[in-house]
Amino acid sequence: MQLFQQIAFILIAVSAVWLFSRNALRIRKNILLGKEEDYHDQPGRRWKNLFLLAFGQKKMFRNPLVAILHFFIYAGFIIINLEVLEIFLDGIFGTHRIFSVPMGGVYHWLINSFEWLAITVWIACVFFLCRRNVLKLRRFRSHDLDGWPRSDANYILITEIILMTLFLLLNASDTLLQQRNFGHYGNHLTGNFIISVWLQPLISGLSNEQLVLFERICWWLHIIGIFGFLNYLPYSKHLHIILAFPNAYYARLWPEGKMRNMKSVEQEVLYAMKPEQAPAEVTAPLKFGAKDVMDLSWRNLLDAYACTECGRCTAACPANITGKKLSPRKIMMDTRDRTEEVGKNIRNNGNFHDDGKQLLKDYITAEELRACTSCNACVEECPVSISPLEIILELRRSLVMEDSDAPPEWNTMFGNVENNFAPWKFSPDDRDAWKNG
């Protein structure tokens, strides 16, 4: 029986790791559909961002209560999974609590710490479920989340609650069997643990054989649940659990609000102002801005996959607050959806076959792009250093410079800037006339 369990565990573990690796590579390929950009400068600042934004969750602490509860879930995910290593080794080698004897008293202290984390994760998940489904904050009621995205958040929170409950019940049944000195359980006397001891009365009426069955069921459901959670991540917004770290490291280090000009356009302006510096032949740029995800940078696509769909960007957006259609969260979700679609197209056909769609207009409309004031509020609010503004600017650049699609007011301003070097319709010689008299 034990050998059968080991074989079954190894098969499930190998399948789970293989499936996750395949999906992780798929996402990596999708991200690399974007244009190359170098984000390897200033490694010191980048490591600082990694520790402050990803590990320390610096931006989350603008709302201390939510931040602390979120930190419990985050810490639980990171730290309690150390306990999964023991379960993994037990499953492979057919052992039971393989670390309990060599670690001695430290083991008891560690499991107690894990149990404290487990109960705080449980409480935090219940709180966030109520916050989403009972309190229904405005940013969680948005139509951006209609359908799967709204359900996705609930599924993850419920899964976390179930996994923490199984972990505590597993410990409760295990320690109860130790007290009864039944079978091999009597060889691993760890003593009761600080939280699971309160669950023992719920199962103390079971016979030894029933208790062993209960403990095994909890053990298997817990580890299968973790493998399932692992393979659910690539399809979920909770992929940010992993991608928040590279996203923080590759954060944009230039001043917030700075817009990056196209070098080719800068040169055109320079040559217009100083024709003598223009070369005999000037190569025109192939494309202005971005129409589809392949025209964006890989960093923009990493942003899209790292998006937590928390809606803080949209809640802070002045255009959205005043009733405009723009939602920075939707910009990121649409970019990710289109990237997935393009990646699937390439996998099915060997290379990209025109499907008659593109990110600009088919996913993100001109009305949304024009509503953006470029105020940078969305970038400032994002807890994982995402920039919806950068994608908006690239799409808007294509809309105006490639399609000549701009409101009349914009075209008037553009003409004035081109002819008068100012947004206003008067001669450059009269720019200082306002001070006369």
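Author: Let us start with a definition: two residues are in contact when they have heavy atoms within 4.5 Å of each other. Ser297 makes a good case, as it touches Gly34, Lys35, Glu37 and Glu390, not counting residues up to four places away in sequence.

Reader: What kind of model am I looking at, and where does residue numbering begin?

Author: This is a predicted model, in which local features need pLDDT of at least 70, side-chain atom pairs count only at pLDDT 80 or more, and totals for chains, interfaces and linings use all residues. Residues are numbered from 1 along each chain as its sequence is written, and side-chain values use heavy atoms, with hydrogens and water left out.

Reader: Where is Ser297, and is it buried or exposed?

Author: Helices (H or I, at least four residues) are DSSP runs, numbered from the N terminus. Ser297 sits in the loop between helix H11 (263–273) and H12. Buried means under 20% relative accessible area, exposed means over 50%, and partly exposed lies in between (1.4 Å probe, protein chains only). With a relative accessible area of 3%, Ser297 is buried. Sequence and space can be read side by side here: Ser297 and Gly34 are 263 residues apart in sequence, and their C-alpha atoms are 4.4 Å apart in space.

Reader: Which residues does Asn300 contact?

Author: Leaving aside its neighbours within four places in sequence, Asn300 is in contact with Arg252, Met332, Glu390 and Ile391. Asn300 belongs to helix H12 and is buried, at 2% relative accessible area.

Reader: How do I describe two helices that pack together?

Author: Two packed helices are described by the angle between their axes and the distance between the axes. Axes are lines fitted to C-alpha atoms, for helices over the stretch in contact, and angles run from 0 to 180 degrees between N-to-C directions. Angles under 35 degrees count as roughly parallel, over 145 as roughly antiparallel, 65 to 115 as roughly perpendicular and the rest as oblique.

Reader: At what angle do H1 and H9 cross?

Author: Helix H1 (residues 2–31) and H9 cross at roughly 15°, and their axes come within 8 Å. H1 and H9 are therefore roughly parallel to each other. H1 passes H9 in a left-handed crossing; a crossing is left-handed if the near helix is turned anticlockwise from the far one by less than a right angle, and right-handed if clockwise. Among the residues making the contact are Phe9 and Ile12 of H1, and Trp220 and Ile223 of H9. By class, this contact of H1 with H9 has 13 nonpolar, two polar and one charged residues. Here Ala, Val, Leu, Ile, Met, Phe, Trp, Tyr, Cys and Pro count as nonpolar, Asp, Glu, Lys and Arg as charged, and the others, Gly among them, as polar.

Reader: What about H7 with H5, and H7 with H9?

Author: Helix H5 (residues 105–135) and helix H7 (residues 148–179) have axes that come within 9 Å and cross at roughly 150°. That makes H5 roughly antiparallel to H7. Their crossing is left-handed, and the contact residues divide into 17 nonpolar, four polar and three charged. For H7 and helix H9 (residues 208–232), the packing angle is about 150°, with the axes 9 Å apart. That makes H7 roughly antiparallel to H9.

Reader: How many residues are in the largest nonpolar core?

Author: A nonpolar core is a set of buried Ala, Val, Leu, Ile, Met, Phe, Trp, Tyr and Cys residues joined through side-chain atoms within 4.5 Å. The largest one has 46 residues, and those with the most contacts inside it are Leu326 and Leu395. Helix H12 (residues 298–306) supplies the largest share of this core, six residues. A second, separate core of 39 residues includes Ala13, Val84, Ala124 and Trp220.

Reader: Why would I look at the sign of phi?

Author: Most residues other than glycine have a negative phi. Gln42 has a positive phi near 45°, in a residue other than glycine. Gln42 lies in the loop between H1 and helix H2 (43–55) and is partly exposed, at 37% relative accessible area. Glu309 also has a positive phi, about 60°, although it is not a glycine. Glu309 is in the loop between H12 and helix H13 (312–316) and is buried, with a relative accessible area of 4%.

Definitions and conventions
Helices (H or I, at least four residues) and strands (E, at least two) are DSSP runs, numbered from the N terminus.
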